[in-house]
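Biologist: Got a minute to go over helix packing? Here is the model.

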Amino acid sequence: MTGRRDVLLMRNTLPKSRVAIGVAIAVGVLLGCVFAFLFPHGLFLPTPILTHTISKSDNAQVASASCESSERMNMLKSEFVAASEKNAELKKQIRELTERVKLAEQRKDQAQKQVLVLGKQHKAGRFGTVKGLRTNPTIAPDESVNPRLGKILEKVAVQRELIVALANSNVKDMLEVWFTNIKRVGITNYLVVALDEEIARFCESKVVPVYKRDPDVGIDSVARTGGNHAVSGLKFRVLREFLQLGYSVLLSDVDIVYLQNPFHYIYRDSDVESMTDGHNNMTAYGYNDVFDEPAMGWARYAHTMRIWVYNSGFFYIRPTIPSIELLDRVASRLSREPNSWDQAVFNEELFKPSHPGYDGLHAARRTMDFYLFMNSKVLFKTVRKDAKLSKFKPVIVHVNYHPDKLPRMKAIVEFYVKGKKDALEAFPDGSDW
């Protein structure tokens with residue numbers, strides 16, 4: 001009985017407890033709402049002074065951090081610009097050093113390459129049958145030196161060779177005679193290196209292959225305003241890229257009239273094959289010049305070898321190490337000796353032998369036939385006055401001995417192309433001044 005009574009008591013007490021708990025919760029929520037309404041910022045507020053101090057401190061820290069951040073950004077930008085400039089300079093130095101290393105390696109290996117060309121060592125043959133190596137191997141093309149020029153040469157060159165002329169607006173009229181006769185002969189592998197915008201536009205209007213170089217302060221100042229000799233000196237720097245790209249170049253001044261295709265008459269067995277300023281067999285190909293000094297008595301006669309210079313306005317140059325070394329030597333000397341004549345320097349570097357304190361250039365060279373590749377002294381002093389020689393048609397005529405270039409060029413066209421027999425008669429052998 002007692003157990004049943006306890007159970008009934010518990011059943012009667014549970015509903016009352018639940019009601020009490022619900023009332024307590026309701027009262028708590030109500031009191032919370034009242035306090036929230038009366039004290040929206042809480043019962044325990046920080047003092048106004050502390051809050052203000054902290055706020056000012058935070059603002060100062062934020063401002064300071066912002067200022068430091070801005071200064072840091074400017075500093076980083078400055079460092080980045082300086083690093084970029086330094087990086088560009090280092091890249092340039094690396095390219096130059098890489099190029100020097102390549103040339104050094106190629107030069108170092110040249111003897112080995114010649115051995116490979118010759119094959120294994122052989123004993124000398126019978127008397128009169130031994131011949132030395134005449135033709136140096138060409139270099140491996142390096143397309144990285146000037147990709148834009150490389151693409152042009154791929155289109156223009158024939159069998160990796162072409163005629164190249166440098167021109168600015170000072171020689172515009174001669175240039176037109178030059179390329180008009182090249183076209184007439186049927187030569188397609190030629191290119192004009194335009195030294196100013198006017199010539200570039202002129203060539204494009206005449207459908208003449210043209211290459212406008214990238215800006216270069218050292219070259220452009222001379223290129224825009226230089227005369228014939230000044231512009232002529234630039235070719236040794238400009239031609240280097242052609243050779244590095246693996247192309248043989250027939251370098252041509254613009255005071256030249258083309259009457260036949262010169263590529264049909266080139267031997268291609270030497271590093272440099274050049275026309276001569278000589279006017280007969282002796283002066284063109286060399287002779288024994290005897291120097292007389294009577295005071296020496298029995299030894300009064302000293303024998304010397306003489307040859308008239310190669311013409312630096314018309315020569316064929318192959319892409320070999322000696323050829324590139326020649327261009328470098330001439331360009332370097334002309335930069336150090338601005339008053340030197342490029343043709344004199346060209347010949348000195350090509351012919352001077354090694355001696356104490358000087359290493360000569362080991363380049364193979366060939367002199368062109370002076371009747372086929374004719375200078376204007378040969379034409380006006382000899383050929384035009386000879387009935388047989390005047391019937392012979394040369395490959396080119398270079399008006400290098402006379403300052404009145406344009407009228408003589410036109411007269412040469414009249415004589416050889418149009419058959420006008422008296423076209424050359426009005427001109428003197430030399431010049432009037």
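Modeller: One term up front: angles under 35 degrees count as roughly parallel, over 145 as roughly antiparallel, 65 to 115 as roughly perpendicular and the rest as oblique. Note that this is a predicted model, where local features need pLDDT of at least 70, side-chain atom pairs count only at pLDDT 80 or more, and totals for chains, interfaces and linings use all residues. Residues are numbered from 1 along each chain as its sequence is written, and side-chain values use heavy atoms, without hydrogens and water.

Biologist: At what angle do α5 and α6 pack?

Modeller: About 30°, with the axes of α5 (residues 172-185) and α6 (residues 197-205) 12 Å apart. Axes are lines fitted to C-alpha atoms, for helices over the stretch in contact, and angles run from 0 to 180 degrees between N-to-C directions. So α5 and α6 are roughly parallel to each other.

Biologist: Which residues of α5 and α6 make the contact?

Modeller: K172, L175, E176 and F179 of α5 meet E198, I199, F202 and C203 of α6. Contact means heavy atoms within 4.5 Å.

Biologist: New topic. How do α10 and α11 cross?

Modeller: At roughly 135°; the axes of α10 (residues 321-336) and α11 (residues 342-351) come within 9 Å. That makes α10 oblique to α11.

Biologist: And which residues of α10 and α11 make that contact?

Modeller: From α10, L326, R329, V330, R333 and L334; from α11, D342, V345, F346, E348, E349 and L350.

Definitions and conventions: Helices (H or I, at least four residues) and strands (E, at least two) are DSSP runs, numbered from the N terminus.
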